[in-house]
Amino acid sequence: MLVQRKMGIQIEGSIVFPTPYPEADGEESLAVANFRRYLRIRTVHPKPDYRSCSVFLRGLAEEIGLDFKEIECVQGKPISILTWKGTDPSLPSIMLNSHTDVVPVFEESWLHDPFSADRVVNSEGETVIIARGSQDMKIVGILYLEAIRELKKSYPQPLRTVHMSFVPDEEIDGSDGMKEFIKTDLFKELNVGLALDEGISNEGGFYRVFYGERSPWKVRYTTTGNTGHGSQFIGDLATDKLFRIAKKLRDFRFTQELILVDNPERTLGDVTTINLTQLQSGVQFNVVPKTAAFLTFGFPPMSTFKSSRPLSRALLQKKAPTLNSYHILKEESIPQYPMTFLGGVRSRRDLQTAAKSLSLRFSLLQLTQDIFARLDFLHMA
C-alpha cells in the first residue's frame with residue numbers, strides 16, 4: 001500500500017512519502033498513476049507476466065528519455081536496463097536495481113483485488129493504494145524512474161552514467177535472473193561501481209543503508225520408515241522421525257526469537273531465522289508414507305556456509321546418539337552470497353557516520369534525488 005502526503009511513517013504495511021509532482025488529473029500525480037499501472041501487471045509467481053512488464057518499462061524509458069536495453073539470459077525472463085547517460089561514461093556507473101516479480105497471493109484473504117491497485121481512504125482519512133508488490137518492491141523501481149524524470153529538468157546529464165536494472169525471479173532466488181545476468185558481456189559493459197538494491201521498510205523519515213547481507217540457506221531433510229495400510233499401527237514411521245527433527249529446529253527458532261525480545265536493540269540481522277516452508281509426504285490418504293521431507297529456509301547472519309552446516313547437524317544430534325538415527329538422506333544447501341561493503345563501512349558506528357555524512361535522512365524519493373545530485377561526491381573514478 002502507498003500512502004500519500006504524509007512523510008516518514010509506516011502504517012498498516014504502507015509506504016509513506018511526499019508527492020512533490022503536480023497533479024496529473026486533479027486527484028493523482030503522474031508518479032502515482034505510473035505506480036498503479038505497474039502494480040496492475042501480474043508479475044506474480046508461479047507464472048509472472050514478464051513480457052507485459054518489459055513493454056511497460058520500455059514505454060516509460062521512451063517517455064522519460066532514457067536508453068533501453070533488454071536481455072534474456074533465460075527464455076521468457078527478460079531483464080530490462082534503462083540508462084541515463086553521464087557526461088563522463090568512462091567513470092564507474094551507478095546501478096539502481098529492483099525486481100519485477102512478486103510473491104503469490106491468497107486472493108480470498110484480500111478485501112481488494114491484489115492487482116487492481118485500488119485507491120481507498122483508510123480509517124485515518126489517508127488515501128492509500130492496495131496491491132501486491134507495492135512495497136516488495138515495485139515502489140522502489142517507480143521512484144527511481146520518477147526521481148530521474150524530475151531531475152532531468154534541472155540536470156540534463158549526471159557526471160557518471162546511471163543504470164536502472166529490472167530483474168526477474170528474485171522471489172525464487174534469482175537463479176534465472178541476476179545470477180545469470182552478471183555473467184554476461186552486457187553486465188560487464190555497464191561498468192558498475194556502486195549498486196543500490198532492495199533494503200527494508202522503515203518507520204521514520206529516513207532511508208536505511210545496509211553494508212552486509214544475510215545468507216539464505218535452504219536445507220531439505222528427508223526421512224524414511226515403514227509403510228503399510230493406514231488402518232494399522234505401524235512403527236518406525238518416516239513422519240515421526242520428521243516431526244522430531246522439526247521440533248528441534250522449532251526449539252532453536254524459539255531461542256532466536258527470545259534474543260530479539262530480550263534485546264530491543266537487536267534486529268533480524270543479529271539472529272538466524274528458521275521456518276518450515278514446505279512439507280512433502282504420502283501418495284494417497286489411506287497409505288502410510290515411506291518417505292517424508294520438509295524444507296527449512298534460514299538466514300545465518302554474517303556467517304560462512306561452512307560454519308552454518310554444523311549448526312544443522314548439532315541441532316539434530318541433540319538428545320540423539322547419531323544423526324543417522326533420523327535417516328537424513330539429503331541436506332541440499334546453497335552457498336553464501338558474498339558480503340558487500342558500502343564505501344568501506346564495516347561497523348555500525350562507521351555506518352552511522354557514513355549515513356550522517358551522506359545526509360541520508362530523507363524519504364526514499366528525496367534520497368534518490370540526493371544521490372543523483374551528489375554523483376560527483378561518490379569518488380569512484
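A cavity is a set of grid points where a 1.4 Å probe fits but cannot get out. In this predicted model, three cavities of 30 Å³ or more are found. The second largest cavity holds about 50 Å³ of space. Its lining is made up of Y50, C53, S54, L57, P78, S80, T100 and F166. Helix α2 supplies the largest share of this lining, with four residues. When the lining residues of the second largest cavity are sorted by class, five are nonpolar, three are polar and none is charged.

Attention now turns to the aromatic rings. A pair of aromatic rings is described by the distance of the centres and the angle of the planes. A search of the whole structure yields two aromatic pairs. One of them joins Y38 and F56, whose ring centres are 5.4 Å apart and whose planes meet at 20°. This pair counts as stacked because planes under 30 degrees apart fall into that class. The pair connects distant parts of the chain: Y38 belongs to helix α1 (residues 30-39) and F56 to helix α2 (residues 50-64), with their positions 18 residues apart in numbering. Y38 has a relative accessible area of 0% and is therefore buried, and F56, at 6% relative accessibility, also counts as buried.

The other pair is formed by F181 and F187, with centres 5.4 Å apart and planes at 80°, so the pair is edge-to-face. F181 is buried, since its relative accessible area is 0%.

Y38 has a further neighbour to consider. K138 lies over the face of the Y38 ring, at 4.9 Å from the ring centre.

Notes: Residues numbered from 1 in each chain as written. Predicted model: local features only at pLDDT ≥ 70, side-chain atom pairs only at ≥ 80, totals over all residues. Heavy atoms only, no water. Phe/Tyr/Trp six-rings, centres within 6.5 Å; stacked < 30°, edge-to-face > 60°. Helix = DSSP H or I, 4+ residues; strand = E, 2+ residues; numbered from the N terminus. Buried < 20%, exposed > 50% of the residue type's maximum accessible area, 1.4 Å probe, protein only. Lys NZ or Arg CZ within 6 Å of the ring centre and 35° of its normal. 1 Å grid on protein atoms, 1.4 Å probe; cavity = no way out; pocket = protein on both sides within 12 Å on 5 of 7 lines; lining within 4 Å. Points joined across faces, edges and corners; volume = space filled by probe spheres on them. Nonpolar A, V, L, I, M, F, W, Y, C, P; charged D, E, K, R; others polar.
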